[in-house]
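Please look over the sequence and the structure below before reading on. The paragraphs after them explain how the parts are arranged.

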Amino acid sequence: MVGKVHLSHTPRFSTALELPVRMMKQILVSRNVPFGGRVLVAGCGHGELVAFLDGIAYQVDAVTDSPEEIEQLRKRCPQYDFHYARLDEAVGAPPDVFDLILVQDLCVYRNNLLDLGTRSATANLLACLKPGGDLVFVRKQDGPMGCGTGHEAGCWKRHLACFPGQITINQYPESFFGRSTWDWFCGNRDHGDYFTVTMQSPPEKLNRNFWRDFARRGLMTGQGKCCAGQAAGVPALRAA
């Protein structure tokens, strides 16, 4: 089973969110995620997003595909239960249970997004959504939309094109007067905008084999590398 986050009234670590709170609120509101709804965080970073969602009354599950990350998370955030899984093989969660899945940084998506392995990981995640639920990839970029040497917005659109559902891309520019911008100005962090790529699943209930069959066929995804960054062999665009 995917690790279920347990409520804690005495958190042992800072719950400051690295992602812009305004962006996260817009995602939750625009995707009509009900209060108390069930959310899966795939790719947990330092655990801030898990703690943030837990703190605003969502039922949060957490999974990562990084053995190093899972050990660090368990030491850093012992009050939460994080789960490790090879997502190209299985998520470890029952089907049709999540209102929303938020993907930050998973090892599998650092590879070519047109490969069967990455499509299989996405199929396994989609199978965990409730009918009409949303799979949202949260990304950070340091250049104009669709530019740079990492995964571009078009890569994600091609990656998802083989699956039935509605794809939406949104950009969230950082405000010049925001704290994050002044942190960048003072040299405390990189500056860059965020964008999300959302796949809304169809309203009817679909089983895991259905999604995996679409991943196997890979229709409309194209061939070769997903972007110039992959063709050049450089690291993919940094996740949020």
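What follows goes from the whole protein to one unit within it, and then to charged pairs and cysteines.

The model shown here is predicted. The protein has 240 residues, and 48% of them count as buried. Its secondary structure comes to 8 helices and 8 strands. Among contacts with a separation of 6 or more, 77% are between residues 24 or more positions apart. About 11300 Å² of the protein is exposed, and carbon and sulfur atoms supply 53% of that area.

A useful place to start is the unit built from β5, α4 and β6, which is a right-handed β-α-β unit. Strand β5 covers residues 98–103, helix α4 covers residues 116–126, and strand β6 covers residues 129–141. The strands β5 and β6 run parallel and are joined by 5 bridges. Across this pairing, isoleucine 101 stands opposite leucine 135 in β6.

Strand β6 also has another partner. Strand β8, made of residues 193–200, pairs with β6 in the antiparallel sense over 8 bridges. In this pairing valine 138 stands opposite threonine 196 of β8. How many of the 13 residues of β6 are buried? The count is 10, so the strand is mostly covered, given that a residue is buried when its relative accessible area is under 20%. In a regular strand, side chains alternate between the two faces of the sheet.

Helix α4 can be followed through two of its residues. Serine 120 lies in this helix. Is serine 120 buried or exposed? Its relative accessible area is 10%, so serine 120 is buried. Leaving aside residues up to four places away in sequence, serine 120 touches Leu87, Asp88, Arg212 and Ala215. Leucine 126 is also placed in helix α4. With a relative accessible area of 1%, leucine 126 is buried. Its contacts, again without residues up to four places away in sequence, are Leu135, Phe163, Met199 and Trp211. Leu135 is the β6 residue that stands opposite isoleucine 101, so to speak of leucine 126 touching Leu135 is to speak of a contact between α4 and β6. The C-alpha atoms of leucine 126 and arginine 212 are 9.5 Å apart, while the two residues are separated by 86 residues along the chain.

Charged side chains come next. The structure holds 10 salt bridges. One of them joins the side chains of lysine 130 and aspartate 99, at 3.3 Å from N to O. This pair links distant parts of the chain, with lysine 130 in strand β6 and aspartate 99 in strand β5, 31 residues apart. Which of these counts as buried? Aspartate 99 does, because its relative accessibility is 16%. Lysine 130, at 32%, is partly exposed.

Another salt bridge is formed by the side chains of arginine 110 and aspartate 105, at 2.7 Å from N to O. Arginine 110 has a relative accessible area of 45% and is therefore partly exposed. Aspartate 105 counts as partly exposed as well, at 25%.

A further salt bridge lies within helix α7, which covers residues 208–217. Here aspartate 213 is bonded in a salt bridge to arginine 216, and the closest N and O atoms are 2.5 Å apart. The two residues are 3 residues apart, about one turn of the helix. Aspartate 213 is partly exposed at 26% relative accessibility, whereas arginine 216 is exposed, with a relative accessible area of 53%. Elsewhere, Arg86, Asp88 and Glu89 are linked in a network of salt bridges. Asp88 of this network is also one of the residues that serine 120 touches.

The cysteines remain. How many disulfides does the structure have? The count comes to 0, because a disulfide would need a pair of cysteine sulfur atoms within 2.5 Å. Cysteine 155 is buried, with a relative accessible area of 1%. Cysteine 226 is buried too, and its relative accessible area is 6%.

Technical notes. Residues numbered from 1 in each chain as written. Predicted model: local features only at pLDDT ≥ 70, side-chain atom pairs only at ≥ 80, totals over all residues. Heavy atoms only, no water. Helix = DSSP H or I, 4+ residues; strand = E, 2+ residues; numbered from the N terminus. Buried < 20%, exposed > 50% of the residue type's maximum accessible area, 1.4 Å probe, protein only. Contact = heavy atoms within 4.5 Å. Pairing = 2+ DSSP bridges. Right-handed = clockwise from strand over helix to strand, strands pointing away. Areas by Shrake-Rupley, 256 points an atom, 1.4 Å probe, with all protein chains shown as cover. Salt bridge = Lys/Arg side-chain N within 4 Å of Asp/Glu carboxyl O.
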